[in-house]
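Q: Hey, could you walk me through this one? I've not looked at it before.
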Amino acid sequence: MLATGRPALPAGARTAQAHRRARVPLEPYWFMAPAVVMLATVYLGPMIYAVMTSTTHWVLTEPGSETIRAGLQNYKDVLGAPSFWQAVKITLLYTLTSVSLSLTLGTLLALLLDNELHFASFFRSIMLIPMVITPAVIAIFWKLLYEQEQGVLNSLLMALGFGKVAWLGLEYAFFSMVIMDSWQNTPFFMLVILAGLQSVDGNLMDAARVDGANVFQRFRYVTLPHLVPYMLIAAAFRGIATMNDFDKIWLLTQGGPGEATTTITVYTYKIAFSSFDMGRTTAIALIFVVIVLIASAPLLRHLFRAARRQA
Amino acid sequence: MTLAGSHNTKRLLLSTLCLAIGVVYLFPYAWMVLTGFRSALDTLSLRFVFEPTLEGFRAVIGDSIFRAYMLNSIIVATATTALVLTVAAPAAFALAHLPIRGTGFLLFVLIVRMVPGIAILIPIYLVASRLGLLDTHGVLIVLYSTFNLPFAIWLLRGFFCDVPGEIREAAIIDGCSERQVFLKIMLPLTSSGIVATGVFVFIAAWNEFLFALALTNNFAATAPLAMVAFRSEYGVQWPSIGAAAFIISTPVVLFAVVMQRFLVRGLTMGSVKG
C-alpha cells in the first residue's frame, strides 16, 4: 500500500484547509457516524447485556430465573470445570498445529511458485478455491472423504495395500480436523508469503550472490528475514480465525467423539443450546473474548502502528 | 545455448511439479464436484470412470427448500454488501483524508473485529427473540453488515489513502464541499477498490453459518444451512449433496478468481502488500 504522507501544500491550500477545519469541525465525524452507531449497537450493546447476564442464574427453561443474582458464581463454575479447560486445550492445540502446518506448506508452495513457471497465474487462481469455498460445504465433502467404510481416502489406502483408518474415530478425529483446516488455509499462507518473496530487494540478493553466498545461505540470511514479518502477520490473522472456527468443526464432528474435537466455540454452542443456561454460557463466552483479545494483542499493536505510519 | 536449455528444462520440470501439486491439492474439491454428477449407486466407490448424470442436480434444483435457501442467501448477501459499502465508504474516506483524530477509532474497530462471533451470539439471540426478529432477513443483514464493517473500513481506507490528498485540497479550493469531494471525486477514483471490497463482503456474508444456524429457522435460512438439511433429509444421497455443494460454492469461487489481485490485501486488511 502506498504511504501517501502529507507533502507540503501550496500556501493557499493550507489556509483553505485551516479555514474549513475552523468552520465545520464536526463535519468529518458525520461521515463516520453510521458506522459508529452500527458497531456500538451490535457489539457494545450485546457485550454489556452479556456481562449482566453472566451474573445471573438465568436458565431459559426456568421462567423468572433471570432475576436470580449469581454474582461471580458462573465464572467460578466455568473456571472450575475440567471440560472447559479441556476445550481451551483443544482450541490452542488445534490453532497451533493447523497454523504451523499450513504456514510450512504455504511457504514451500510460495518458494516453488516464485520461480518462472508456465501457467503460474492459472495455478495461483485455482489455489484460491479452497480459501473461499463455503466452510459448511468444505466440512460436508471432507466428511465424505473421511467416510470409514466406503470413503475415498480409505478406498485409496486399501488400493495401496494399507488398512482402513477410522478418520473420525477417537484417535484420529483431531488430526482429521487439523488436516481439513490446513487444506483450506495453506493457499492463504502461500499468497501472503509469495507477496513477500516478490518484494525481496533484488540488489541485496545480487550483493549476496557476488559475496559468494550459496542458494541456502541466500535463503537463510536474505530471504527468510525479509519473510518473517509476512509470516507473522499471516499466522496472526489465521490464528485468530482458527480459534473462532465453528462451522467446519461442527459439521465434521460436532465436537466428538467424546470431547476430542470440542473447541471453545463448539463447547459454548453445545452448552447454550443443550442446557439453556444463559448465565453460564455468557460467562464462557466472555472468558473466551478475553483469551482471544490477549492472543491478538500483538497483531492489534502491529496494525495500529501501520495505520499511524500511513496517516 | 546450453545454459538457456537447462533453464528451460528446469522451468518445465518445476511447472510440471506445480501442476501435479495442484491436481493432488484440488482432489477433494474435484471429488465433490464429480459426486454431483454421479448416480446414487456410483457414489462411495473409487471408480473414476462413470457415466455422468444430472440426477443430483435435478433433485436439488427441484427441491423448493433448496431454492428458497439459495434465494435467501442472494437477498441477504446482496443487501449486506450494499449496506456495508454505504456505511463504510464515507467512514473510510474520513479516516484517510479528513482532519480528524481517527486512530483511536481504527483501533476500536479492530478490537471489535477480534471479538469471537460465538461470544455475542447468545446475547444477540436473546435480544432478537424478545424483539421478534428471529428468522428474518433483516436481522441477518444488519448483523452481517456490522461484522464486516471493520474489515471494509480498513480495506477501503487503504484504497482512499492511495488517492493523493492534493486532489481533495484542489477541489475544496474550487468550492466543493467534503460531501461533493467524496461523491464526485473520491468514489469514482476508488471504484475498483470499492468493487473488490464489495466482493469480499459478499463472500463473507454468503459463507456465514453460525448466526444463520442459531437465528433462523426455515423462512430466512441461508444456503450453507441447506447442506445440513440435505444431509439429514436424504441420508446418504451423495449426488444431491455434491450438486448442492457445487451450486453453493460456485459464486464465491468465481468471485475469488476474478478478485485474485486484491485477495491478499483484503484478507490481511491491507497490512501486507498484495
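A: Sure, here is a quick tour by question and answer.

Q: Is this predicted or experimental, what am I looking at?
A: This is a predicted model.

Q: OK. How many salt bridges are there over all chains?
A: The count comes to five over all chains.

Q: What does A:D206 pair with in a salt bridge?
A: Its side chain meets that of A:R209, with 3.2 Å from N to O. A:D206 and A:R209 are both in helix α9 (residues 202–210) of chain A, three residues apart, which is about one turn of the helix.

Q: Are those two buried or exposed?
A: A:D206 is partly exposed, because its relative accessibility is 38% and the partly exposed class runs between 20% and 50%. A:R209 is partly exposed as well, with a relative accessible area of 45%.

Q: And which residue meets A:K248?
A: That would be A:D245, in a salt bridge of 3.4 Å, N to O.

Q: Buried or exposed, that A:K248?
A: A:K248 is buried, at 2% relative accessibility. Its partner A:D245 counts as buried too, at 9%.

Q: Which residues are linked in a network of salt bridges?
A: A:D181, A:D245 and A:K248 are linked that way.

Q: Let's hop to chain B. What does B:E178 meet in a salt bridge?
A: The side chain of B:E178 meets that of B:R168, at 2.9 Å from N to O. B:E178 lies in helix α9 (residues 178–189) of chain B and B:R168 in helix α8 (residues 165–173) of chain B, so the pair ties together parts that are 10 residues apart in sequence.

Q: Where do they sit, buried or exposed?
A: B:E178 is buried, with a relative accessible area of 4%. B:R168 counts as buried at 3% relative accessibility.

Q: Now the interface. How many residues does the contact take from each chain?
A: The contact takes 112 residues from chain B and 105 residues from chain A.

Q: And what area is buried between chain B and chain A?
A: About 10000 Å², and carbon and sulfur atoms give 78% of that.

Q: How many salt bridges does the rule find across that interface?
A: Zero across the interface of chain B and chain A. There are seven residue pairs in polar contact between the two chains, though, counting pairs with both residues at pLDDT 80 or more.

Q: Which helix gives the most to chain B's side of the contact?
A: Helix α7 (residues 137–161) of chain B, with 12 residues. The residues on the side of chain B that touches chain A divide into 81 nonpolar, 17 polar and 14 charged.

Q: Changing topic: what about the backbone, which peptide bond is cis?
A: The one from A:G256 to A:P257 is cis, with omega near -5°. A:P257 is in the loop between α11 (247–253) and α12 (264–275) of chain A.

Q: What is phi like at A:F119?
A: Phi of A:F119 is near 60°, which is positive in a residue other than glycine. A:F119 is in the loop between α4 (82–113) and α5 (120–132) of chain A. A:F119 is exposed, with a relative accessible area of 59%.

Q: And B:D135, what is its phi?
A: B:D135 has a positive phi of about 60°, although it is not a glycine. You'll find B:D135 in the loop between α6 (117–130) and α7 of chain B.

Q: Buried or exposed, that B:D135?
A: B:D135 counts as buried, at 16% relative accessibility. Yet B:D135 has no salt bridge, and the nearest side chain of opposite charge, B:R67, is 18 Å away.

Q: So what does B:D135 have around it?
A: A polar atom of the B:D135 side chain lies 3.4 Å from the backbone nitrogen of B:N218. Setting aside residues up to four places away in sequence, B:D135 touches B:L215, B:T216, B:N217, B:N218, B:F219, B:A220 and B:A221.

Q: Last one: where is B:S73 found?
A: B:S73 is in helix α4 (residues 64–97) of chain B. B:S73 counts as buried, at 2% relative accessibility.

Q: What is B:S73 in contact with?
A: Leaving aside neighbours within four places in sequence, B:S73 is in contact with B:T78, B:W206, B:T222, B:A223 and B:P224.

Methods. Residues numbered from 1 in each chain as written. Chains lettered and ligands numbered in written order. Predicted model: local features only at pLDDT ≥ 70, side-chain atom pairs only at ≥ 80, totals over all residues. Heavy atoms only, no water. Salt bridge = Lys/Arg side-chain N within 4 Å of Asp/Glu carboxyl O. Helix = DSSP H or I, 4+ residues; strand = E, 2+ residues; numbered from the N terminus. Buried < 20%, exposed > 50% of the residue type's maximum accessible area, 1.4 Å probe, protein only. Contact = heavy atoms within 4.5 Å. Buried area = accessible area lost by both parts, 1.4 Å probe. Polar contact = N/O pair within 3.5 Å; in protein donor to acceptor, adjacent residues only side chain to side chain. Nonpolar A, V, L, I, M, F, W, Y, C, P; charged D, E, K, R; others polar. Lys, Arg positive; Asp, Glu negative; His and termini not counted.
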